[in-house]
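Got your viewer open? Load the model, set it to cartoon, and follow along one selection at a time.

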Amino acid sequence: VVRSVVTGVGAYLPPQIVTNEDLSKIVDTSDEWIVERTGIRQRHKAADDQAVSDLAVEAARQALERAGKSPADVDLIIVATTTPDLTFPATAAIVQRKLGAGVGIAFDVQAVCSGFVYALSVADGFIARGNAKCALVIGAEAMTRLMDWTDRGTCVLFGDGAGAVVLEPGEGQGTTADRGMLGFALRADGTKQDLLYVDGGPSTTGTVGKLRMLGNQVFKHAVINISEAIHAAAEKAGVTVPEVDWFIPHQANQRILQGVANRCGIDEDKVISTVALHANTSAASIPLAFAHGVADGRIKPGDLLLLEAMGGGLTWGACVLRL
Ligand code: ACO
């Protein structure tokens, strides 16, 4: 089996920063409450004229540059998003056009906050079967567009941004020391829809809708579900949790990150955390944190990485890879 290898990572955050202090002028909240309950200090917000495809293109360009690739090399684009530009076409097709990538495969994956892990596994499958040679996997979101700005329980938690990776075929000779995707564990439980969803859509209300969440119940499921997926992905990869060099979690809440680390016996120094700076950017948060850890020199080629997420659906999952 040909393994897919991450050869470049990129990120983009829109310039406007919204602090907790800014939000305390809109809803009855405080910097103290938000920091204590979530670890979030600020989030980025896309400008009114910035579509998700614009954020995605910026992150994709950076990932391609770092991989030494040009848009013309790209033959597969998958965008994980819950806030597409339009109901159709897929944001991936819009990204293809804006990037100037030639005709190839392009589609979106919708698994909310788990979307990036799901999309990675899909791209890995295309490469493993020889159906793609240079894939862009992008997580891009404008979550602020889905907020009910009168609901302090949700509007303080989310932000906008995009992250991208380039995936290419590696040698893949079958040992766990090889570079590339080593194991995935993906899950969904549709019976838990009411805990976290958007109350609109084209075939029901005909509106975009607003995000609704029972936060404390989501929290409980998150720690248990993510911990199980981490162990399952590690087992599939043939590695143990302590062997992992860096954990790159979906960034929802610092307390969830700590809860998972405690439950799985993960050293907290090995957890890349950007939740204070970016808040929850749904499918974009893992590649944003990945790019952050690479940029500050912590994550290096050859490192064993574990990515994990949980989100609406509920969906959740984890992925082990060697960079
Ligand atoms: N500022 C001040 N007070 C607030 C705020 C706020 N922004 N939001 C809620 N409160 C109040 C509530 O109204 C409630 O007040 P009451 O007791 O008078 O009714 C009180 O704080 C406690 O509310 P809880 O919801 O029980 O607070 P909790 O400690 O559970 O924290 C939070 C809420 C931060 C949402 C937490 O449950 C959480 O992070 N859950 C995970 C949700 C999440 O991250 N979802 C993202 C998508 S899923 C994922 O990515 C994993």
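Here is a walk through the domains, the ligand, two helix pairs and a few backbone oddities.

Before you start, keep in mind that this is a predicted model.

**Stop 1: the two domains.** Colour residues 4-169 in one shade and 180-322 in another; these are domain 1 and domain 2 of the protein chain. Their centres, taken over C-alpha atoms, are separated by 15 Å. The contact between them takes 47 residues from domain 1 and 43 residues from domain 2.

Now stay on the domain 1 side of that contact. Select β1 (4-12), β3 (42-45), α5 (115-128), β6 (135-142), α6 and β7 (160-169): each of these elements gives two or more residues to the side that touches domain 2. Light up α5 on its own, since the largest share of this side, 7 residues, comes from α5. If you colour by residue class, the domain 1 side shows 23 nonpolar, 18 polar and 6 charged residues.

**Stop 2: the ligand.** Select the ligand and bring up the residues around it, 24 in number. Which of them come nearest? They are Thr 29, Gly 215, Asn 216, Phe 219 and Ala 252. Four elements give two or more residues to this shell: α2 (31-38), α6 (152-155), α7 (215-237) and β12 (304-311). The one that gives the most is α7, with 5 residues.

Keep your domain colours on here, and you'll find both shades around the ligand: domain 1 and domain 2 each supply at least three residues of the shell. Switch to residue class and the shell divides into 13 nonpolar, 9 polar and 2 charged.

**Stop 3: α7 against α8.** Leave α7 showing and add helix α8, residues 254-264. The axes of the two helices come within 9 Å and cross at roughly 45 degrees, which makes α7 oblique to α8. The crossing of α7 and α8 is right-handed.

For side chains, show Phe 219, Ala 222, Val 223, Ile 226, Ser 227 and Ile 230 in α7; they meet Ile 256, Gly 259, Val 260, Arg 263 and Cys 264 in α8. By class, the residues of this contact divide into 8 nonpolar, 2 polar and 1 charged. You've already met Phe 219, by the way: that residue is among those nearest the ligand, and here Phe 219 is part of the α7 side of the helix contact.

**Stop 4: α3 against α4.** Next, select helix α3 (residues 52-67) together with α4. At what angle do they pack? About 55 degrees, with their axes 9 Å apart, so α3 and α4 are oblique to each other. Look along the pair and you'll see α3 pass α4 in a right-handed crossing.

The side chains to show are Val 52, Ser 53, Ala 56, Val 57 and Ala 60 in α3, which meet Thr 91, Ile 94, Val 95, Lys 98 and Leu 99 in α4. The contact of α3 with α4 divides into 7 nonpolar, 2 polar and 1 charged.

**Stop 5: backbone oddities.** Switch to sticks for the last three selections.

- Go to Phe 88 and Pro 89: the peptide bond from one to the other is cis, with omega near 5 degrees. Pro 89 sits in the loop between β4 (76-80) and α4 (91-99).
- Move to Val 112, which has a positive phi of about 50 degrees although it is not a glycine. You'll find Val 112 in the loop between β5 (105-109) and α5.
- Finish at Gly 313 and Leu 314, where the peptide bond is again cis, this time with omega near -10 degrees. Leu 314 lies in the loop between β12 and β13 (315-322). β12 should look familiar, being one of the elements that give two or more residues to the ligand shell.

How values were computed:
Residues are numbered from 1 along each chain as its sequence is written. This is a predicted model: local features need pLDDT of at least 70, side-chain atom pairs count only at pLDDT 80 or more; totals for chains, interfaces and linings use all residues. A residue is near a molecule or strand if its C-beta atom, placed from the backbone, lies within 6 Å of it. Ala, Val, Leu, Ile, Met, Phe, Trp, Tyr, Cys and Pro count as nonpolar, Asp, Glu, Lys and Arg as charged, and the others, Gly among them, as polar. Domain bounds come from an automatic or database domain assignment. Two residues are in contact if their C-beta atoms, placed from the backbone, lie within 7 Å. Axes are lines fitted to C-alpha atoms, for helices over the stretch in contact, and angles run from 0 to 180 degrees between N-to-C directions. Angles under 35 degrees count as roughly parallel, over 145 as roughly antiparallel, 65 to 115 as roughly perpendicular and the rest as oblique. A crossing is left-handed if the near helix is turned anticlockwise from the far one by less than a right angle, and right-handed if clockwise.
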